[in-house]
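Here is a short note for a colleague who is opening this structure for the first time. Please read the points with the model on screen.

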Amino acid sequence: MVFGFVMMGDKSRKGIHKIAVLSLGMAARQRVLRSLFLLCVALGLAGQLPAAQAPGAPPLELEYTLRVSRPTTHLAEVEILARKVEAANLDFVLPAWAPGRYAIYDFAKNVQEFSAQGANRQSLSWIKLDKQTWRVDVREAGGTVRANYRVFANDLSGSFSQVDSTHANLNGPSIFMYVEGHKPDPITLTIQAPDQWKVISGFSMSTMDRSFHAPDYDVLVDTPLEISSECTLDQFEEQGKTILVALHTYGEGDNDRSPLLEGLKKLVHAEMAAMPLPDLQHYLFVFHFAPDVSLGDGMEHLNSTQIIIRGNVREGSQEALESAAHEFFHLWNVKRLRPAALGPFGYTQENYTRSLWFAEGVTTYYGYLFLLRAGLWTREQFLSHLANEVYDLEREPGREVMSAESSSFHAWFFDRSPQMQETNFANATISYYNKGALLAMLLDLEIRARTHGRKSLLDVVQAMYHKFYEAPAASYYGAGRGYDEEDIMQAMRAVTGSDFTSFFDRYVRGTDALPYEETLKLAGLEVRASAPPDAAPSLGAAVQPENQGARIFAVLPGGPADRAGLSRDDLLLDVDDQSLATEDLSTRLRAYPVGANVPMTVQRHGRRERVTVTLGPPIRSQYSIVRMSSPTPEQEAVQKDWLGMP
Ligand SMILES: [Zn+2]
Ligand SMILES: [Zn+2]
């Protein structure tokens, strides 16, 4: 189930090879099998070859040590000590990705100086089996194997790690290898870092602890570590649980934590009051405020989250709270109630699910709703964020070709993935966060209306939490079991007593236009869209200014530029012989009425061409959700229930 897609592909490949192998003699068959083995290695399919140690092998005693001795080198040193080794080989594997970010990053590219020793410190030989697997020959190890390596880490993000003079901020999958066949085995982790550095993580509430216990590898790497002397730590209680707040800022004198802490108290209170009491003793927020990161980030974990804000505490606390609202809700949705493909994880390759729209979109929606419930947003701010989500989807041409399920499935192509080739993502994809949040809004209102206010989408999330997370454990990975795509629709039916098949067919699996108008009407609301008063007629292309003119980087399918034969990468040099080297394109286009035929000079592959574009109406970029003028009492009731009292 976890690797459904990959297995299907692999099966068909095997089927073809099988025919070839059967028609050959024994020696030739062995040659073919060996070359198949090498082919599989080359294709990165080694995970499906016979493992060095079969699953279900007797557990190892695993002790991990992490050393940060020279932080300015950005190198972390890792030692993995395995005792009770009985196999002939041990495979040490570093993940290719980190759960929560659906992108293949190949963390192994930053590993150096791998070595292995046996019980008497004798060197053990090893080979690299594939890009991320080190196979150690342990026949002469004497039952004890010590693997050492260093890993370079200099990215402050929710997926990578950073070791520098200010801290070691570590996300486990980018640092810690696992022993193949032994992910379920318990692990002891010891940290060796400069004396004055505190160790902050979901493992312990004390910053003095240096030794930790994880029940298995998955928990080890789902517990990020912040090791630093600069980080502050505050705490408060909510429903008998301790909430820890670590904060590391690079701003000078940027120490006023109270707006963030006060906001977090309200937020945590609102979410915990509405959701089942989670099975954790403490929960840790780790905030970084860094002016020099290229992108902010937020990443959910079992009992903690990492939130990185580009900026300082003074200006970034509101943004930090908005991220916290989302990440804290993940503690229920995705870290516990989870798609079947997301835990236990296959760390060496993509783990496909069609449900990220639910895992991420529903979380985005409830992040918004709890900011409203906690009093951190007004109703106007809440509706304005939803209206922006509507605009974000409506301006995506990809909404007509990619469904929410397909966007979830193909996350591996675009969830902060590096792109080495030109893509048409601008016109052919949508975000499962964005469409998922809108689907959640529509489902919530639909459920409220269909049940006359007795139920909401939150009842569905909670019912699923009880049914799947509180079920008997299906594997070593945490409690409960994962859900399948079909289970979401069944839960809707079970909670509301009505059928959502058509909704799912059209809007979740299909690409029908979302029914904002009729659904918001159920709550006495409507969407308004308009162009800004001074907006220029539209060209139907997105451009970036360059020295000589404006470079087109996206063309709207069916829009004015597309109809005129303009193309991505074209450089617009002039409009009506007026150079775009000194004048902005939209300023220039304001001189024309809608429908005007405007000649332009375009440079393509270094050659000049003349093109005439018929300008379209200005883009409607201002979206709002507002109250209808005279709602019925029933519409008023849904609205009041949804948004709370004025
Ligand atoms: Zn830090
Ligand atoms: Zn999320």
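How many cavities of 30 Å³ or more does a search of the whole structure find? The search finds 2. Keep in mind throughout that this is a predicted model.

1. **The largest cavity.** Start here. This cavity holds about 90 Å³ of space. Its lining is made up of 14 residues. Nearest its centre lie Pro99, Pro173, Val221, Asp222 and His301. By class, the lining has 6 nonpolar, 5 polar and 3 charged residues.

2. **The second largest cavity.** Its volume is about 50 Å³. Pro99, Gly100, Tyr102, Glu300, Val334, Lys335, Leu342 and Phe345 line it. Of these lining residues, 5 are nonpolar, 1 is polar and 2 are charged. Pro99 deserves a second look: it is in this lining, and it is also one of the residues nearest the centre of the largest cavity.

3. **The zinc site.** Which residues coordinate the zinc ion (ligand 2)? They are His326 and His330, each through NE2, and Glu360 through OE. The distances run from 2.0 to 2.1 Å. Along the sequence, the donor residues follow the spacing H-x3-H-x29-E. The pair His326 and Glu360 links distant parts of the chain, 34 residues apart. His326 sits in helix H5 (residues 313-330), and Glu360 sits in helix H6 (residues 356-373). Both His326 and Glu360 are buried.

4. **Helix H13.** This helix spans residues 485-496. Its buried residues are Asp487, Ile488, Met489, Ala491, Met492, Val495 and Thr496. What covers them? The cover includes H6, helix H11 (432-450), helix H12 (457-469) and helix H14 (501-508). H6 is also the helix that holds the zinc donor Glu360. After H13 comes Gly497, with a positive phi near 75°.

5. **Salt bridges between strands.** The whole structure has 35 salt bridges. In one of them, Glu63 meets Arg83, with N to O at 2.7 Å. Glu63 belongs to strand E1 (residues 61-67) and Arg83 to strand E2 (residues 75-83), so the pair links parts of the chain 20 residues apart. Glu63 is partly exposed because its relative accessibility is 33%. Arg83 is partly exposed too, at 31%. Another salt bridge joins Arg150 and Glu113, whose closest N and O atoms are 3.1 Å apart. Here strand E7 (residues 144-152) supplies Arg150 and strand E4 (residues 111-117) supplies Glu113, with the two positions 37 residues apart in sequence terms. Arg150 has a relative accessible area of 26%, so it counts as partly exposed. Glu113, at 48%, is partly exposed as well.

6. **A salt bridge from helix to loop.** Arg314 pairs with Asp254, the closest N and O atoms lying 3.7 Å apart. Arg314 is in helix H5, and Asp254 is in the loop between strand E16 (241-249) and helix H4 (258-274), so the pair ties together parts 60 residues apart in sequence. Are the two partners buried or exposed? Arg314 is exposed, at 57% relative accessible area. Asp254 is buried, at 2%.

7. **A salt-bridge network.** Last, look at Arg101, Asp297, Asp415 and Arg416. Salt bridges with shared partners join these four residues into one network.

Conventions:
Residues are numbered from 1 along each chain as its sequence is written. Chains are lettered from A and ligands numbered from 1 in the order in which they are written. This is a predicted model: local features need pLDDT of at least 70, side-chain atom pairs count only at pLDDT 80 or more; totals for chains, interfaces and linings use all residues. Side-chain values use heavy atoms; hydrogens and water are left out. On a 1 Å grid over the protein atoms alone, a cavity is a set of points where a 1.4 Å probe fits but cannot get out, and a pocket is an open set with protein on both sides within 12 Å along at least five of seven lines; lining residues have an atom within 4 Å of a point. Grid points are joined across faces, edges and corners, and a volume is the space filled by probe spheres set on the points. Ala, Val, Leu, Ile, Met, Phe, Trp, Tyr, Cys and Pro count as nonpolar, Asp, Glu, Lys and Arg as charged, and the others, Gly among them, as polar. Donors are N, O and S atoms within 2.8 Å of the metal (3.2 Å for Na, K and Ca); water is not among the atoms, so sites may look incomplete. Helices (H or I, at least four residues) and strands (E, at least two) are DSSP runs, numbered from the N terminus. Buried means under 20% relative accessible area, exposed over 50%, partly exposed in between (1.4 Å probe, protein chains only). Contact means heavy atoms within 4.5 Å. A salt bridge is a side-chain nitrogen of Lys or Arg within 4 Å of a carboxyl oxygen of Asp or Glu.
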